[in-house]
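Got your viewer open and a selection tool ready? Let's take a short walk from residue to residue.

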Amino acid sequence: MGALEEAHLAACGCGDEEEEGEEDLLAELGGGEAPGDAMEPAVRALLAGLGEDDRREGLRRTPKRVAKAFRDGTRGYRQKVKDIVQGALFPEVGVDKRTGSAGGTGGQVVVRDIDLYSYCESCLLPFSIQCHVGYVPSGGRVVGLSKLSRVADVFAKRFQNPQRLANEVCGALHASIQPAGVAVAMQCWHIPLPENFKCKNSRALIRTSHSSRSGVFEGENSSFWNDFLALLKLRGIDMEMDSHSASLTWCPLRPHEVPLCNGHAKRITTNGASSAKSASIPSNMVSAVSSMLLSLGEDPLRKELLGSPQRYVQWLMRFRACNLDVKLNGFTLNSASVYERPGEDATDHRAISSELHLPFCAQCEHHLLPFYGVVHIGYFGSGDGEGINRSHFQALVHFYGCKLQVQERMTRQIAEAVYSVSHRGAIVVVEANHICMISRGIEKIRSSTATVAVLARQALRRLYIWFEVVMQLWHGCHFTSHCRRERPGPRHVECCV
């Protein structure tokens, strides 16, 4: 991509607060539109297409946040590998080859577990990467270790596919530091379609492994490559076992569709033939995404990006505001109004029923990025052994999850809906991974968020004790002295208070 000598694309937009302030000042002084201003109107068009009002409280700053996230996630186009590596090459005397290999000649250097995020060029959604880089120094010089991860980040902060990313990192390092060889291994995870989160193993993301090598690492019998793989195995990473995954379909939105004009797409059957049925996609939303790519300096007509705006809109449309009826024990919940039955006595010692690990995938309304995880629900049962069917709870979770959301509100809404049926008490725990938290800004990889909502007229202490027991069951801990498990498994727990 020519990143060694010049940025792949001209500078467009800004990725930090100082440059953003300069853009605002320029607009205030009447000096013309700030670069990237086209991003925010495009995001507003997407929100309107989803049936949302960008003037409501939670969405007022969403266009600006989304624009900033995309600019930051593609900053690699405006960075040069040469600027990073230059000045970071240090002389290091190697040993005589007759006595071994180390130092600046012949000894292998491996940096493992480099956590990165990139944007999938097929659907424009972020995917996570764990990168491992090794090289064999030559010419009596080594490169600063931090530069290996910084070079990898330059190419990750672009619209990518995993194999090309590995190839570009390998090629850039080989050309810039001129070692005897470079090896790059990557494990990548892509979020699946929301409907696939209903599967038994729904917490597993789509995973593939990729590698690229040059110089002394090339060849099936390369001892350097075998040593590199052995060093990865010490960390529990078996690239040889994972290599078959590279042949799997990477982007879940890509394999079954061929983009056509005017916002339409044809589906591909299993034998490769196009079906006559086409899926309609709002053309104004597709145009908005194309304008976002142009604002970032990309070419929507580039071969690898053909159809990407359509696929991104397809993803967003899965979270369109909808009018869905959810039925629980004879009650129809549409707005989840909370009410109480007069004369109910909630002090009776009835069993607490629970449903654990209800998967969900929602869309963060602040950044238009997905967050996903599981919901745990507990409620006071009727005491006659009957409870609410799990499928009803899953439908309830889907109802509040398949829209633009925030986790705190979603937790409260589910708790209110369950309480409106049980009338005695409900507790909801939501655990989620937020891509908006780990792919941008602070980039806290492997972080997760838990939220709890408890609603009870009385016996609040019983619900909290139930929560403690369920967490212990879930994590395999020992029970506390004031609780006992009446039935096998965590589905029915009774606490003595």
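Start by selecting serine 222 and phenylalanine 224. Here, at the start of helix α7, a side-chain oxygen of serine 222 comes to within 3.4 Å of the backbone nitrogen of phenylalanine 224. Keep in mind as you go that this is a predicted model.

Next, show the side chains of α7, which spans residues 223–233. Which of its residues are buried? Trp225, Phe228, Leu229 and Leu232 are. Look along the helix axis and you will find these four within an arc of only 95°, so they lie on the same side of α7. This is a familiar pattern: an α-helix has 3.6 residues a turn, so residues three or four places apart point the same way.

Stay with tryptophan 225 and add arginine 213. The charged end of arginine 213 sits over the tryptophan 225 ring, 4.3 Å from the ring's centre. For another case of a charge over a ring, jump to lysine 403, which lies over the face of phenylalanine 399 at 4.4 Å from the ring centre.

Now select histidine 132, in strand β3 (residues 126–136). Is histidine 132 buried or exposed? Its relative accessible area is 0%, so histidine 132 is buried. Two of the buried α7 residues, Phe228 and Leu232, are among the residues that histidine 132 touches. Its other contacts include Val111, Arg112, Ala183, Val184 and Ile237. Aspartate 113 is also on the contact list, and the backbone nitrogen of aspartate 113 lies 3.1 Å from a polar atom of the histidine 132 side chain.

On to the aromatic rings. How many aromatic pairs are there? The count comes to 10. Select phenylalanine 70 and tyrosine 312: this pair is edge-to-face, with 6.2 Å from centre to centre and 80° between the planes. The two rings come from distant parts of the chain, 242 residues apart, with phenylalanine 70 in helix α3 (residues 62–73) and tyrosine 312 in helix α10 (residues 308–317). Phenylalanine 70 is buried at 6% relative accessibility, and tyrosine 312 is buried at 2%.

For the last pair, select phenylalanine 217 and phenylalanine 224, which are edge-to-face at 6.2 Å centre to centre with 65° between the planes. Phenylalanine 217 is buried at 0% relative accessibility, whereas phenylalanine 224 is partly exposed at 25%.

To finish, go back to phenylalanine 70 and widen the selection: ring pairs link Phe70, Tyr119, Phe159 and Tyr312 into a cluster.

Methods:
Residues are numbered from 1 along each chain as its sequence is written. This is a predicted model: local features need pLDDT of at least 70, side-chain atom pairs count only at pLDDT 80 or more; totals for chains, interfaces and linings use all residues. Side-chain values use heavy atoms; hydrogens and water are left out. Rings of Phe, Tyr and Trp (its six-membered ring) pair if their centres lie within 6.5 Å; planes under 30 degrees apart count as stacked, over 60 as edge-to-face and the rest as tilted. Buried means under 20% relative accessible area, exposed over 50%, partly exposed in between (1.4 Å probe, protein chains only). A charge sits over a ring if NZ of Lys or CZ of Arg is within 6 Å of the ring centre and within 35 degrees of the ring normal. A polar contact is a pair of N or O atoms within 3.5 Å; within protein, one must be able to donate a hydrogen and the other to accept it, and residues adjacent in sequence count only if both atoms are side-chain atoms. Contact means heavy atoms within 4.5 Å. The arc is that of the directions from the helix axis to the C-beta atoms.
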